[in-house]
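Me: Could you take a close look at one part of this chain for me, namely its charged side chains and what they meet? I would like the overall layout to begin with, and then the details residue by residue.

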Amino acid sequence: MQTVIEAAKLANDIPIEIIIVNDGSTDNTEKVITDLRGKYSNINSITHQKNTGIGTAIMDIVKAASCD
């Protein structure tokens, strides 16, 4: 995560948005996402209550994205 943010800064602060999908995880993924969102304003997240698979996750990311 930090590498992506640093790379954006080195590239003249290009606008980036990081979208994390929690695809029905039963571990502490939601807390990790919440902590990251508290540190970085350009992180958004999508939570699926049950695992829907990578195809749905990717489609949801594309729909939610506000940056190129």
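**Charged side chains in their setting**

Reply: Happy to. The chain holds 3 helices and 2 strands, and this is a predicted model. Read from the N terminus, the elements follow the order α-β-α-β-α. The C-alpha trace spans about 40 × 25 × 15 Å along its principal axes. Of the 68 residues in the chain, 25% are buried. Among contacts between residues at least 6 apart in sequence, 61% join residues at least 24 apart. The exposed surface comes to about 4,900 Å², with carbon and sulfur atoms supplying 56% of it.

Now to the charges. There are 6 positive and 9 negative side chains, and the centres of the two sets lie 4 Å apart. Side chains of opposite charge can pair when their charged atoms come close. How many salt bridges does the structure hold? The structure holds 1 salt bridge, and its partners are Lys31 and Asp35, with 2.9 Å from N to O. Both residues belong to helix 2, where they sit 4 residues apart, about one turn of the helix. Lys31 has a relative accessible area of 52%, so it counts as exposed, the cut-off being over 50%. Asp35, at 40% relative accessibility, is therefore partly exposed.

Two acidic residues deserve your attention next. Glu17 lies in the loop between helix 1 (2-10) and strand 1. Glu17 is buried and has no salt bridge; Arg37, the nearest side chain of opposite charge, is 8.8 Å away. What does the side chain of Glu17 reach instead? One partner is the side chain of Asn44, in a polar contact of 2.5 Å. Another is the backbone nitrogen of Ser66, at 2.6 Å. Beyond residues up to four places away in sequence, Glu17 touches Asn42, Asn44, Ala64, Ala65, Ser66 and Cys67.

The second is Asp23, which is part of strand 1 (residues 18-23). Asp23 is also buried without a salt bridge, and Lys50, its nearest side chain of opposite charge, is 9.5 Å away. The side chain of Asp23 reaches the backbone nitrogen of Thr52 at 2.9 Å. Setting aside neighbours within four places in sequence, the contacts of Asp23 are His48, Lys50, Asn51, Thr52 and Gly53. Lys50 thus appears among the contacts of Asp23, although there is no salt bridge for Asp23.

The contacts of Glu17 lead on to Cys67, a residue in the segment after helix 3 (54-64). With 30% relative accessibility, Cys67 counts as partly exposed. Leaving out neighbours within four places in sequence, Cys67 is in contact with Pro15, Ile16 and Glu17. Cys67 and Ile14 are 53 residues apart in sequence, while their C-alpha atoms are 9.9 Å apart in space.

For a contrast in spacing, consider Thr26, found in the loop between strand 1 and helix 2 (29-39). Its relative accessible area is 83%, so Thr26 is exposed. Thr26 and Cys67 are 41 residues apart along the chain, and their C-alpha atoms are separated by 29 Å.

To pull this together: Lys31 and Asp35 form a salt bridge, whereas Glu17 and Asp23 are buried without one. The side chain of Glu17 reaches the backbone nitrogen of Ser66, and that of Asp23 reaches the backbone nitrogen of Thr52.

Definitions and conventions. Residues numbered from 1 in each chain as written. Predicted model: local features only at pLDDT ≥ 70, side-chain atom pairs only at ≥ 80, totals over all residues. Heavy atoms only, no water. Buried < 20%, exposed > 50% of the residue type's maximum accessible area, 1.4 Å probe, protein only. Contact = heavy atoms within 4.5 Å. Areas by Shrake-Rupley, 256 points an atom, 1.4 Å probe, with all protein chains shown as cover. Lys, Arg positive; Asp, Glu negative; His and termini not counted. Charge placed at Lys NZ, Arg CZ, Asp CG, Glu CD. Salt bridge = Lys/Arg side-chain N within 4 Å of Asp/Glu carboxyl O. Polar contact = N/O pair within 3.5 Å; in protein donor to acceptor, adjacent residues only side chain to side chain.
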